Amino acid sequence: MKGGYYTVKDCVTIFFFFFFFKQKTAYEIYQCDWSSDVCSSDLAINEAIKLFQAKQFRHVPVLSTEGAVAGMISERDILRYLGGVTESYEQRKTQGIPSQRVTQLMQSRVLTASADTDVRYIARLFVDRRVGAMPIVTAGKLVGIITRSDILRAVMRHFELELWA
């Protein structure tokens, strides 16, 4: 504060102080309306590949026949499959068959969040557990997905990054 007036820098500092400590929830930044952009557990891998190509996704939830989240399939899972390697990057003994089901490829242990989960907690899980996306679930049903990109996009929209200052 100079001469009783707040400078622009003071205002920006105050804004960021309050923004940093304001709790943001997953609801404020996640991608919703995933009704047509999911894999069913009985979907063939070649059909999942088409979905990834058409939508340019990096992660897609896999739903059980009851509509619950059964797993996640990632672009990395697809690339490993197409490259003929296992999750531990060893050469697979048998070649993948395009008609195999996504359940053979998906990660079945999935971290989920609710719409009111603090985004800072989700970001911490992304780093600690090395995941790139998390389904948002309400009453056992998928309502959206939040990704690392969503969090970075929110940071870019709401923070002035002074990387070279």
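This is a short chat about salt bridges and one strand in a predicted model.

Q: What kind of model is this, and what pLDDT do local features need?
A: It is a predicted model: local features need pLDDT of at least 70, side-chain atom pairs count only at pLDDT 80 or more, and totals for chains, interfaces and linings use all residues. Residues are numbered from 1 along each chain as its sequence is written, and side-chain values use heavy atoms, with hydrogens and water left out.

Q: How many salt bridges are there?
A: Four, where a salt bridge is a side-chain nitrogen of Lys or Arg within 4 Å of a carboxyl oxygen of Asp or Glu.

Q: Which residue does Lys 50 form one with?
A: Glu 47, with the closest N and O atoms 3.2 Å apart. Both lie in helix α2 (residues 45–55), three residues apart, about one turn of the helix. Helices (H or I, at least four residues) and strands (E, at least two) are DSSP runs, numbered from the N terminus.

Q: Is Lys 50 buried or exposed?
A: Lys 50 is partly exposed, at 48% relative accessible area, and Glu 47 is partly exposed too, at 35%. The cut-offs are under 20% relative accessible area for buried and over 50% for exposed, with partly exposed in between (1.4 Å probe, protein chains only).

Q: What about Arg 153?
A: Arg 153 forms a salt bridge with Asp 150, the closest N and O atoms being 3.0 Å apart. The two are three residues apart in helix α5 (residues 148–158), about one helical turn. Asp 150 is buried at 3%, whereas Arg 153 is partly exposed at 41%.

Q: And which partner does Asp 118 have?
A: Arg 120, with the closest N and O atoms 2.7 Å apart. Asp 118 is buried at 17%, while Arg 120 is partly exposed at 40%.

Q: Switching to strand β3: how many of its residues are buried?
A: Five of the five residues in β3 (residues 59–63).

Q: Which of them point which way?
A: His 59, Pro 61 and Leu 63 point one way, and Val 60 and Val 62 the other. In a regular strand the side chains alternate between the two faces of the sheet.

Q: How does β3 pair with β4?
A: They pair in the antiparallel sense over five bridges; pairing takes at least two bridges found by DSSP between two strands. Pro 61 stands opposite Met 72 in β4.

Q: What sits between β3 and β4?
A: Five residues, in a hairpin whose turn includes Gly 67, with a positive phi of about 95 degrees.

Q: And how does β2 run relative to β3?
A: Parallel, with two bridges joining β2 (residues 39–40) to β3. Ser 40 stands opposite Leu 63 there.
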